[in-house]
2 protein chains.
Amino acid sequence: MKKVKVGLLGLGNVGKGVWKILNMNKDELQKRSGYDIEISKILVNDLNKNRNIDVPRELLTTNFEEILMDDTIEIVVEAIGGVEPSVDYMVRAMKRKKHIVTANKMAIGTNGKILLKTAKEEKVMFYYEASVGGGIPIIHGLKESLTANKIEEVIGIINGTTNYILTKMTLEGLDFHQALKEAQEKGYAEADPTSDIESFDAMYKLSILSSLAFDTMVNIDSIHREGITNIRSIDIEYAKEFGYVIKPLAIVKERDGQLELRVHPTMIPQTHPLANVNDSFNAVFIKGNAVGDLMLCGRGAGELPTGSAVVGDIVSILRNKENISCEFNSKKVDKSNDIKDMDCIQSEYYVRITVKDKPGILGEISTVFGENNVSILSVIQKGKREKQVTLVFITHSTLEGNINKAIERIKSLEDAEKIENIIRIENL
Amino acid sequence: MKKVKVGLLGLGNVGKGVWKILNMNKDELQKRSGYDIEISKILVNDLNKNRNIDVPRELLTTNFEEILMDDTIEIVVEAIGGVEPSVDYMVRAMKRKKHIVTANKMAIGTNGKILLKTAKEEKVMFYYEASVGGGIPIIHGLKESLTANKIEEVIGIINGTTNYILTKMTLEGLDFHQALKEAQEKGYAEADPTSDIESFDAMYKLSILSSLAFDTMVNIDSIHREGITNIRSIDIEYAKEFGYVIKPLAIVKERDGQLELRVHPTMIPQTHPLANVNDSFNAVFIKGNAVGDLMLCGRGAGELPTGSAVVGDIVSILRNKENISCEFNSKKVDKSNDIKDMDCIQSEYYVRITVKDKPGILGEISTVFGENNVSILSVIQKGKREKQVTLVFITHSTLEGNINKAIERIKSLEDAEKIENIIRIENL
């Protein structure tokens with residue numbers, strides 16, 4: 001197996017996520033990339049800080065030059081954040097012919113032009129899927145999948161902190177300060193929450209999304225920005241009365257040949273899919289002139305979701321290097337060993353049975369379920385003083401084989417007229 | 001501009017969508033792919049059929065050999081559907097070194113192995129984003145973006161017809177046959193609806209998704225398949241009583257080292273995002289060990305959405321040929337010309353004002369709005385017999401400049417105490 005060495009800048013949330021994923025999914029990553037991916041050096045500020053992660057001490061360095069000048073390191077993952085020294089480090093690394101993966105929306109939002117220009121000049125790859133929407137493949141979607149479209153608008157919930165705060169205010173009636181405090185306690189908001197609640201974070205991200213969607217280079221100065229600090233509980237209540245929900249939206253639309261670019265709290269209809277994107281989830285809603293309406297939704301932040309995007313970018317770089325394209329594995333699964341028999345799946349079940357309206361029939365059927373290890377969660381019997389009665393059962397989770405055996409037995413009961421329907425329940 | 005010639009097999013829904021997109025987005029496609037993409041021949045069954053599309057008659061042919069033997073054609077788009085002759089055509093085209101783009105889930109579900117093996121042997125690209133989920137970039141997501149993950153489950157609404165039928169039964173109380181008839185009238189269901197309502201279509205698609213998600217080759221025989229024909233209105237009502245919605249799901253889960261593979265109508269909690277994916281929309285819900293929960297949702301069928309995926313694949317092929325990667329366009333937008341001034345955006349507005357409880361103040365403010373071309377949709381004034389009163393206005397769509405002028409004027413009214421909040425409304 002070929003080996004590729006990666007230099008990691010920063011061991012905060014994103015850096016830790018990358019380290020963890022490279023370890024926990026090692027086999028899959030080797031298969032998919034063709035490489036054994038090794039983090040060979042990690043740049044940190046403080047060698048002695050306790051980081052709650054099992055990283056060999058000898059990988060850590062406080063000196064960027066050690067990564068920069070090491071020609072065996074082919075890929076640099078920038079996970080420091082902020083503008084300086086990140087931009088400087090990335091530019092210098094590219095000049096040493098290293099490919100870059102970054103999660104840094106601020107660096108791209110402010111210095112995207114120089115970063116992408118350097119990548120082009122140095123003929124290295126520069127990937128930044130993690131910079132918007134964490135694990136949601138929105139950059140990839142705009143860059144690769146939706147190329148057939150003229151994009152008409154992109155509307156996103158791209159800041160998890162403000163979505164969390166507004167969700168708590170909406171669903172639990174907290175006021176802004178209570179909700180912010182809860183977000184800070186849960187680690188969703190920083191001690192200084194300005195970047196989130198004043199929508200700077202969303203502004204950087206919107207500049208990236210709109211640059212990609214509209215084949216242009218959107219400067220952050222072009223974006224109208226409002227924070228969410230002015231939203232009061234009473235506004236949320238009135239919104240509800242009118243059928244709206246207040247969401248922290250980043251919006252870009254092409255209208256009359258011009259771009260509208262704005263980040264602000266917005267009322268949207270309660271019935272729109274974005275209205276139900278709650279807590280710290282992110283979502284991006286795209287309207288293309290071919291694809292129509294498209295929505296991508298998932299975890300916009302956090303160690304592993306952001307790490308998922310970073311490591312996905314590393315795999316893309318390795319595949320592009322080698323021109324590997326992904327194929328179905330030729331390994332055919334063996335039905336008897338690799339595929340679960342339907343009798344062995346676990347599910348909850350809805351069972352509707354027509355029975356004769358005789359005393360004891362409910363008891364008889366319930367007993368059969370019990371004898372076959374099917375435990376009942378709910379029953380509905382609605383009497384209609386007719387000869388036939390409908391019984392509806394919802395079971396606890398059980399093996400499908402148990403249900404099948406119970407049903408066979410119930411069919412043989414004299415007073416059970418017909419098994420009308422059996423529907424599996426997924427408690428997603 | 002370099003030119004690339006494409007041979008199109010079939011001029012039904014998908015073929016027409018491809019033709020239309022290549023025409024309507026010609027400029028964008030040239031910029032993004034580096035090529036002028038020209039459909040140079042189209043295989044049809046009947047030269048004289050009226051297809052309601054403006055395609056030059058001389059492009060049509062009934063003879064596949066004309067496309068196969070034309071070495072100037074580098075890419076073949078297969079949009080015939082079904083297994084034969086599609087699979088045969090694709091294999092022969094690949095042997096003539098043509099790249100393939102297809103929307104054909106049945107061909108891949110049944111003959112994926114031979115198709116992908118041929119592509120590998122002949123060193124051509126074989127792309128099939130359109131085969132599952134229409135315009136939703138789910139194949140790309142699994143193949144390229146989520147490579148950092150061990151996928152744990154994929155749960156999808158991947159057949160629009162059955163989702164439409166169950167939605168109509170759920171929201172409008174239609175019975176199965178009424179809903180099917182409506183689906184047929186709207187063109188969502190075929191005259192012979194078997195493939196959809198008996199879940200064959202979803203089964204083919206699930207075999208593709210699960211092969212990609214689990215790095216394997218899932219045979220359609222391994223998939224447990226049930227149609228939706230047995231669902232009665234009464235089941236939908238009972239589901240509601242228990243807090244569930246019935247959705248046509250395709251499910252693959254890895255459990256205990258085995259795959260569960262099943263397609264059947266399923267009850268899911270009303271609060272789950274998939275429960276609100278209605279009508280003919282498709283959605284795929286993915287759980288990965290790094291990314292967590294991810295959902296992609298959009299148009300799963302139709303000329304343009306499916307065409308969007310096909311044409312996106314053509315662009316990918318052209319970029320891979322040339323090793324083009326997408327970058328921010330260096331064209332910086334000019335703030336004065338290209339960015340809309342905030343005063344010129346159109347929106348509806350929520351305006352909350354605290355006023356002195358004096359006669360005539362509502363009239364005064366309403367008049368100011370009117371004088372500034374802001375028309376009022378709703379007003380709420382809840383009397384509380386206090387000195388101050390809250391007025392809440394929802395406006396019709398208007399220019400932000402008008403709102404700003406009106407607000408300036410209202411601020412100067414003696415009895416208007418405070419403009420408490422102004423929130424934009426997007427009627428998405």
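Here are some questions and answers about how the labels used for this predicted model are earned.

Q: Why is Lys205(A) called buried?
A: Buried means under 20% relative accessible area. Lys205(A) has a relative accessible area of 7%, so it counts as buried. As for its place, Lys205(A) lies in helix α10 (residues 200-213) of chain A. UniProt, in an unreviewed entry, gives Lys205(A) the annotation "active site".

Q: What does Lys205(A) touch, not counting residues up to four places away in sequence?
A: Contact means heavy atoms within 4.5 Å. With sequence neighbours up to four places away set aside, Lys205(A) touches Lys105(A), Ser131(A), Val132(A), Ile158(A) and Asn159(A).

Q: Why does Asn372(A) count as buried?
A: Set its value against the cut-off again: buried is under 20%. Asn372(A) comes in at 15% relative accessibility, so it counts as buried too. You'll find Asn372(A) in the loop between α14 (361-371) and β14 (376-381) of chain A. Leaving aside neighbours within four places in sequence, Asn372(A) is in contact with Asn402(A), Lys405(A) and Ala406(A).

Q: Where does UniProt place the feature "domain: ACT" in chain A?
A: The unreviewed UniProt entry puts that feature at residues 350-424 of chain A. This span is 31% helix and 43% strand, and its end C-alpha atoms lie 6 Å apart.

Q: What makes strand β2 of chain A mostly covered?
A: Just look at the count: β2(A) runs over residues 35-43, and seven of its nine residues are buried.

Q: How do you know that β2(A) pairs with strands β1 and β3 of chain A?
A: Two strands pair if there are at least two bridges between them. Strand β1 (residues 2-9) of chain A is joined to β2(A) by eight bridges, and they run parallel. Here Lys3(A) stands opposite Asp36(A) in β2(A). Between β2(A) and strand β3 (residues 60-61) of chain A there are two bridges, again with the strands parallel. There, Ile42(A) stands opposite Leu60(A) in β3(A). Both pairs therefore pass the cut-off of at least two bridges.

Q: Why are β3 and β6 of chain A called edge strands?
A: In chain A, six strands form an open sheet in the order β3-β2-β1-β4-β5-β6, with parallel pairing. Strands β3 and β6 (126-127) each pair on one side only, and that is the mark of the edge strands. Further in, five bridges join β1(A) to strand β4 (residues 73-78) of chain A. In that pairing, Leu9(A) stands opposite Glu78(A).

Q: Which strands does helix α4 of chain A lie across?
A: Helix α4 (residues 86-95) lies across β1, β2, β4, β5 (99-102) and β6 of chain A, and runs at about 155° to β5(A).

Q: Which residues touch the most other members of the largest nonpolar core?
A: That core has 108 residues, and Phe126(A), Phe126(B) and Ile138(B) touch the most other members. Take Phe126(B): not counting residues up to four places away in sequence, its contacts include Met90(B), Ile100(B), Leu115(B) and Ala119(B).

Q: How do you know that the two copies are related as by a two-fold rotation axis?
A: A turn of 180° with a shift of 0.0 Å along the axis lays chain A on chain B, with an RMSD of 0.0 Å. The copies are thus related as by a two-fold rotation axis. In chain A, the C-alpha nearest that axis belongs to Leu296(A), 2.3 Å away. The same surface serves both copies, as 100% of the contact residues of chain A recur in chain B.

Note on methods:
Residues numbered from 1 in each chain as written. Chains lettered and ligands numbered in written order. Predicted model: local features only at pLDDT ≥ 70, side-chain atom pairs only at ≥ 80, totals over all residues. Heavy atoms only, no water. Core = buried A, V, L, I, M, F, W, Y, C linked by side-chain atoms within 4.5 Å. Buried < 20%, exposed > 50% of the residue type's maximum accessible area, 1.4 Å probe, protein only. Least-squares fit on C-alpha atoms with pLDDT ≥ 70 in both. UniProt positions renumbered as here; feature names shortened; annotations may be inferred. Helix = DSSP H or I, 4+ residues; strand = E, 2+ residues; numbered from the N terminus. Axes fitted to C-alpha atoms, helices over the stretch in contact; angles between N-to-C directions.
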